[in-house]
Amino acid sequence: MRRQPLITGTRLSDGRELIYFDDPGSPPRQHMADTRRLTGRAPEGELRYDELSGEWVAVAAHRQSRTHLPPADECPLCPSTPTHASEIPDPDYDVAVFENRFPSLGPGLAELPGSLPWGVAAAAAGRCEVVSFTSDHSGSFADLPYERARTVVEALAHRTAALSSLPGVRQVFPFENRGADIGVTLHHPHGQIYAYPYVTPRASQLGAAARRFYDHADGKATLLGSLLGRERAAGERMVLEGSHFSAFVPFAARWPLEVHLVPHRDAADFTSLTGEEKDELASVYLSLLGAVDALYATPTPYIAAWHQAPLDPLLRPATRFHLQLTSPRRAADKLKYLAGSEAAMGAFITDTTAEQVAERLRAVLGQAGRQPAGPGPAGSRLAGPGPRGNHSGEDEA
Ligand SMILES: [Zn+2]
């Protein structure tokens, strides 16, 4: 049986929760105290309901003063030193998760009504957490050793379970913004988790389509399961295939670079995955990020969005967990900006085809040394172009 990370929690001086996830076999933690004597929490933001769209908007004016691209010796995610007290009091750590000091949501927790009248705002309930992947200020997720990536996967499962049980939380969204072009404010390799008190617009839209399909299939199949089956049968947009997860560029990809990494069975979120599935997820995710970075001479900016099923019991059984990895990079020195059609209308126009992008990713994955790291899936292989006869187009269990 695989050894689990050691999980221990503490509190920062202003009461925020800090949780260490230590790789199996790491030396015992010191649990140093936070010496900063922070006074109180940042003022809570508010949620306003937009009647025109039926969507919530989080107003977090206090975030204007948050730390912006600090040098390494002032980094809040580096371990504390005798001359710099950071968010992480210990002199070293593996993975650390803590409540964001400048959260868009929270720290209060409350049920949000379905809507609010014009002129009335609610406290921005919910929770925002920061997930630091390593104590090393430089590098990126793709550089992590397999064991560490596996610890991050375990941390995301742990936090999803914990945040899902908080009062009023309706959806838990882990993600990573990578690169200054995406708007990161800290270079230190890290991700975030938002626990929303409402179902986000995108999750509502995807959830409605998923539920329609699920009902039509009499609850026997999910939309994403069906799509994965079709993509695997077609083959031309597949990027890699494992025993439990496969990655493909979706048929109607909207970003210059977009990959979906999807489990082979219906799992709602990180907490639904088995140990074996999490083992493989860490491996194929590292491979995927390595491929994305191998496309150009410089690191590719990306958003890694882990779509988990909302906690709504109607949407949950119909929704399959997946990663949506997107980049606005359309050439070595060019980015796609969301302009009129995309930003105002949500109508995407793309100048690359999904098939071309998949082919480029397969090419870099096929190069030596780009095989999945760590205890990779036995059945893992690079996907090949062209239709294949060994997939029926049905969902695979
Ligand atoms: Zn740092």
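These are my notebook entries on a predicted model, taken one topic at a time.

**Domains**

I started with the overall division. The protein splits into domain 1, covering 6-35 + 44-198, and domain 2, covering 202-382. I looked up the separation of their C-alpha centres and got 23 Å. Next I checked the contact between them: 26 residues of domain 1 meet 30 residues of domain 2. Which elements of domain 1 supply at least two residues each to the side that touches domain 2? I found α1 (146-164) and β8 (171-178). Of the residues on that side, α1 gives the most, with 10. I also sorted that side of domain 1 by class, and it has 14 nonpolar, 6 polar and 6 charged residues.

**The annotated stretch**

I then turned to the UniProt record, an unreviewed entry. Its annotation "domain: Galactose-1-phosphate uridyl transferase C-terminal" covers residues 220-364. In the model, the chain over residues 220-364 is 34% helix and 22% strand. The C-alpha atoms at the two ends of that stretch are 37 Å apart.

**Helix α4**

I checked α4 (residues 275-294) for regular length. With 20 residues at 1.5 Å a residue, the helix should span 28 Å, and I read 29 Å between its end C-alpha atoms, which agrees. Is α4 mostly covered or mostly open? Mostly covered, I noted, since 14 of its 20 residues are buried.

**The three-stranded sheet**

Here I wanted the strand order. The sheet is open, has 3 strands and runs β4-β3-β6 with antiparallel pairing. Why do β4 (55-59) and β6 (122-123) each have a side without a neighbour in the sheet? Both stand at the edges with a single partner strand, so one side of each is left free of a sheet neighbour. I looked closer at the β3-β6 pair: β3 (residues 46-50) is joined to β6 by 2 bridges, and the two run antiparallel. One residue pair I wrote down is Glu46 with its bridge partner Ala123 in β6.

**Leu116 and Pro107, the β5-β6 loop**

Leu116 sits in the loop between β5 (95-99) and β6. I count 15 other C-beta atoms within 10 Å of Leu116, so it is partly exposed. Leaving out residues up to four places away in sequence, Leu116 touches Tyr49 and Ala122. I also took the distance from Leu116 to Glu51: they are 65 residues apart along the chain, yet their C-alpha atoms are separated by 8.6 Å.

Pro107 is also in the loop between β5 and β6. I looked at the peptide bond from Gly106 to Pro107 and found it cis, with omega near 10°.

**Positive phi in the β2-β3 loop**

I flagged two residues here. His31 lies in the loop between β2 (17-22) and β3, and its phi is near 55°, a positive value in a residue other than glycine. Is His31 buried or exposed? It counts as exposed, because I find 12 C-beta neighbours inside 10 Å, and the exposed class takes in 12 or fewer.

Arg37 is in the loop between β2 and β3 too. Its phi is positive, about 50°, although Arg37 is not a glycine. I count 8 other C-beta atoms within 10 Å of Arg37, so it is exposed.

**Strand β9 and its partners**

How many of the 7 residues of β9 (residues 190-196) are buried? I get 6, so β9 is largely enclosed by the rest of the structure. Next I looked up what pairs with it. β7 (residues 127-132) pairs with β9 in the antiparallel sense over 6 bridges, and Cys128 stands opposite Tyr194 in β9. β8 also pairs with β9 in the antiparallel sense, over 5 bridges. There I noted Pro174, whose bridge partner in β9 is Ile193.

**Val130**

My last entry is on Val130, in strand β7. With 22 other C-beta atoms within 10 Å, Val130 is buried. Not counting residues up to four places away in sequence, Val130 touches Val97, Phe98, Asn100, His190 and Gln192. I also took one long separation: Val130 and Val292 are 162 residues apart in sequence and 23 Å apart in space, C-alpha to C-alpha.

Key: Residues are numbered from 1 along each chain as its sequence is written. This is a predicted model: local features need pLDDT of at least 70, side-chain atom pairs count only at pLDDT 80 or more; totals for chains, interfaces and linings use all residues. Two strands pair if DSSP finds at least two bridges between them. Helices (H or I, at least four residues) and strands (E, at least two) are DSSP runs, numbered from the N terminus. Domain bounds come from an automatic or database domain assignment. Two residues are in contact if their C-beta atoms, placed from the backbone, lie within 7 Å. Ala, Val, Leu, Ile, Met, Phe, Trp, Tyr, Cys and Pro count as nonpolar, Asp, Glu, Lys and Arg as charged, and the others, Gly among them, as polar. UniProt positions are given in the numbering used here, feature names are shortened, and annotations may be inferred rather than shown by experiment. The expected span of a helix is 1.5 Å times one less than its number of residues.
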